Amino acid sequence: MTASLALRPTLYEETVPGGGHTSFVLKRGQLLRLTDLEGGANVSLMLLNAEEKSERLNLPDTLKCQHTARLTAGHCLYSDMGRVLAAITADTCGWHDSFGGVLNAEETREKYGEGRYQELRNGFFRNGTDNLLVEMGKWNLNLQDLLMVLNLFSKVTVDSDGCFHFEPGNSRAGDYVELYAPMDTLVVLTTLPHPMDPNPEYAPKPVRLSWSKVESDGISILCRTSRPENGRGFHNTERLFI
């Protein structure tokens with residue numbers, strides 16, 4: 001768990017409301033900070049190569065090559081081509097879940113109730129699958145392209161019997177995680193409760209996104225050196241730009 005290395009001028013900021021979704025290209029050399037504004041947020045995140053979208057985040061390889069089941073500062077997020085789509089360079093939360101996925105419409109109704117637009121208008125109950133598909137459609141992607149997601153700010157542990165357990169209170173107001181892009185990376189995300197969150201009320205939390213430009217990739221040193229595999233992952237990525 002590390003704090004940000006230095007203050008940097010912010011290129012742009014926006015807030016994604018609870019239940020919202022967005023997508024964009026995080027350009028090579030940019031840093032994205034995601035901040036939990038109220039505490040208890042969850043961001044379900046997909047990553048793809050912006051130039052060749054058949055190359056996508058591979059969470060099994062990401063965990064296997066770094067010998068971990070939780071992700072935090074010093075870890076890399078790998079594509080299925082062995083390249084680094086993003087590196088976690090700072091993290092005040094300390095644990096991000098790779099197992100929980102997202103809920104679909106039927107699962108959301110079962111957990112939270114009907115929550116229809118007709119009664120609630122823009123406060124209707126959204127689900128992760130549809131939110132991600134809305135954003136994916138903007139990039140000519142569809143259901144067959146839906147990936148496993150990384151759930152930022154959420155902690156899921158595994159007991160000795162192999163059962164998953166959601167840990168409430170993992171992220172507090174003001175906690176943040178920073179992602180550095182060593183290549184142009186398509187980011188698709190939604191801000192909805194974690195599927196295993198035991199809270200029976202539909203209460204998604206907002207998240208602030210802040211972009212900054214890194215003049216030197218020295219910010220990635222922690223990630224490059226945390227595992228020998230990560231040095232090779234950055235090498236594979238940098239070969240794209242020779």
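In the predicted model, R208 is partly exposed, with a relative accessibility of 29%. Its side chain meets that of E13 in a salt bridge, with an N to O distance of 3.9 Å. E13 belongs to strand β1 (residues 10-16) and R208 to strand β12 (residues 207-213), so the pair ties together parts of the chain that are 195 residues apart in sequence. E13 is likewise partly exposed, at a relative accessible area of 43%.

The salt bridge between E13 and R208 is one of nine found in a search of the whole structure. Another joins R224 to E238, where the closest N and O atoms are 2.5 Å apart. This pair connects helix α5 (residues 221-226), which holds R224, with helix α6 (residues 228-238), which holds E238; the two residues are 14 positions apart. R224 counts as buried, at 18% relative accessibility, whereas E238 is partly exposed, at 32%. A further salt bridge is formed by the side chains of R227 and E229, at 3.2 Å from N to O. R227 has a relative accessibility of 26% and counts as partly exposed.

In the interior, the largest nonpolar core comprises 30 residues, and L34, L77, L189 and L209 have the most contacts inside it. When residues up to four places away in sequence are left out, L34 touches V43, L152, F153, D175, Y176, V177, L179, L189, V207, R208 and L209. R208 thus appears both among the contacts of L34 and as the salt-bridge partner of E13. Apart from this core lies another, of eleven residues, including C65, I219, C223 and F234. In soluble globular proteins, nonpolar side chains tend to be buried together.

Two cysteines of the eleven-residue core, C65 and C223, were examined for disulfide pairing. The count of disulfides in the model is zero. For C65, the nearest cysteine sulfur is that of C76, 7.7 Å away; C65 counts as buried, at 18% relative accessibility. For C223, the nearest cysteine sulfur is also that of C76, at 4.9 Å. Because a disulfide requires sulfur atoms within 2.5 Å, neither C65 nor C223 takes part in one. C223 is buried, with a relative accessible area of 0%.

At the surface, F99, V158 and F164 make a nonpolar patch of about 260 Å². Within this patch, V158 is found in strand β8 (residues 156-158) and is partly exposed, with a relative accessible area of 45%.

Definitions and conventions
Residues are numbered from 1 along each chain as its sequence is written. This is a predicted model: local features need pLDDT of at least 70, side-chain atom pairs count only at pLDDT 80 or more; totals for chains, interfaces and linings use all residues. Side-chain values use heavy atoms; hydrogens and water are left out. A nonpolar core is a set of buried Ala, Val, Leu, Ile, Met, Phe, Trp, Tyr and Cys residues joined through side-chain atoms within 4.5 Å. Buried means under 20% relative accessible area, exposed over 50%, partly exposed in between (1.4 Å probe, protein chains only). Contact means heavy atoms within 4.5 Å. Patches are made of residues with over 30% relative accessible area and no salt bridge: like charges are joined within 9 Å, nonpolar side chains (Val, Leu, Ile, Met, Phe, Trp, Tyr) within 5 Å. Accessible areas come from the Shrake-Rupley method with a 1.4 Å probe; for residues, only the protein chains shown count as cover. A salt bridge is a side-chain nitrogen of Lys or Arg within 4 Å of a carboxyl oxygen of Asp or Glu. Helices (H or I, at least four residues) and strands (E, at least two) are DSSP runs, numbered from the N terminus.
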